[in-house]
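Biologist: Could you take me through one part of this protein slowly, as I'm new to reading structures? I'd like a close look at a sheet and whatever lies across it.

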Amino acid sequence: MTAFDLSSLDPLLPSPLRAAEDERLARHGVRLLLKRDDLIHPDLVGNKWRKLAPNLAAAAGRPVLTFGGAYSNHLRATAAAGRLLGFPTVGVVRGEELADRPLNPSLARCAADGMRLLFVDRATYRAKDDPEVLARLLERAPEGCFVVPEGGSNALAVRGCVELGRELRAPHGRAGTDADVAVDVVAVACGTGGTLAGLAAGLGPGQRALGIPVLKGGFLGAEIRTLQERAFGGPAGDWSLDERFHFGGYARSTPALDDFADDFAQRHGLAIERIYVAKMLYGLFTLAAEGTFPRGTTLAAVITGRPDVPSSPPGRPRPEAGGDGVGAVSTVRSSEAWVRQPSAGFSRLGPANP
C-alpha cells in the first residue's frame, strides 16, 4: 500500500445527508439536514480526510511534517494516516514546555500512531512560515519531508474541499441520503478556513456557505480570501462568516453551550463534538431564532468531527474516553535528541492552552 493510494482506506463518500427534525427550527420555517462527514473514515474524520487526501497524494509516500497545538485534530489525523499508509510523520507542537510534561490524550494518540513530536516555543511557532525557521525545523526531521501547514489548509486542501460543496448541490437522492430537497445554506465550523474556502466554490447557483469561526480575532475572512486566491486565482462562491459564536476562543465553552450540546444529543441521538460542531449548531439555532433565514430555508450543517474518543494502536480495541492508556511513546524536544516519555493515558480532553 502506498501513501497516495487512499482509496485502499475505503472512505464513505459521498458522506450521508440526514434530516434532523427539530421544532425549534420548524417554528421558524427552517429545515435542518446533517451532512455526516464524521462518517467518512474512523481515523481520518470529516474535513480532515477532505483536506489531507490531496496533500498526501502530493507527498507520494514521503515523510510529512505538519503543525498544531496540543489538542490538534489535524495532528491526530496526520499521525493516523502515517500509521495506516506507512509513511513517517513529524508534528511540530506549539509550546516547548509541554516536552517536560506527561503527554495529554491527544498527543499520546499521535505518538502511539508513530508521529515524532517536536515541541517548539511559541515565538518559533508563530514564525513557522518564515523560510529560515522552517529550514531549521526540517533539519530535525527525516530527509525529504513534505510540509503541510497548520490545520492542513493550503491550496491543495481547498481544492479537496470543493467536492463537499458538489455533494450538496441539488437535487439530492443518492444512496445514503434521506433528503430530496434543495439546500439553500450550508454551514460549517471554521478554524483555519480551508474547508469553507473549498465548500463555497463547490456549491451551485443560489446556494451559499456560512462559516462559524471557533477562534476569536476577526482574521479569518482575509485568510479565506487568500486561500481562494491561491487555489482558484480569485474569489469563488457565495460565503459569509458570523463571528459571534466562538464562546471565548478555541476549545473554550460556557454552560449554555454545554447545555445546548447535551440537549441536541438527547433530541437527535447524536453526540456532537464540542470544539467545532457544537458552536456551529448553536449559531444556526440562534440565527434561526433571530429570523435570519427566510421561511422555507433548508440548512445543511456539516458535521466535521466526532466527540473525542482516541483510536487504539493496531491490534488493540478502541478505548472509551477515560479508559486505559497506551504505553511509552516517542517525543522530541526542540533542542535535544529523540527522547521517550510515558503517555498520560486517555481521558476527556480539556481546554487547549492559550
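Modeller: Sure, here is the sheet, with a little background to start. This is a predicted model, where local features need pLDDT of at least 70, side-chain atom pairs count only at pLDDT 80 or more, and totals for chains, interfaces and linings use all residues. Residues are numbered from 1 along each chain as its sequence is written, and side-chain values use heavy atoms, with hydrogens and water left out.

The protein chain has 11 helices and 12 strands; these are DSSP runs numbered from the N terminus, helices being H or I with at least four residues and strands E with at least two. Of its 354 residues, 53% count as buried, meaning under 20% relative accessible area with a 1.4 Å probe, protein chains only.

Now the sheet: it's open, with 6 strands in the order β1-β2-β10-β7-β8-β9 and mixed pairing. Two strands pair if DSSP finds at least two bridges between them. β1 (17-19) and β9 (239-241) are the edges, and each has a single partner strand, so one side of each has no neighbour in the sheet. On average, neighbouring strands here are turned by 25 degrees against each other, direction ignored.

Zoom in on the β1 edge: β1 and β2 (residues 31-35) run antiparallel, joined by 3 bridges. Look for L17, whose bridge partner in β2 is K35.

Over towards the β9 edge, helix α9 (residues 220-232) lies across β7 (185-190), β8 (208-213) and β9. The helix runs at about 155 degrees to β9, with axes fitted to C-alpha atoms, for helices over the stretch in contact (heavy atoms within 4.5 Å), and angles running from 0 to 180 degrees between N-to-C directions.

Key:
Buried < 20%, exposed > 50% of the residue type's maximum accessible area, 1.4 Å probe, protein only.
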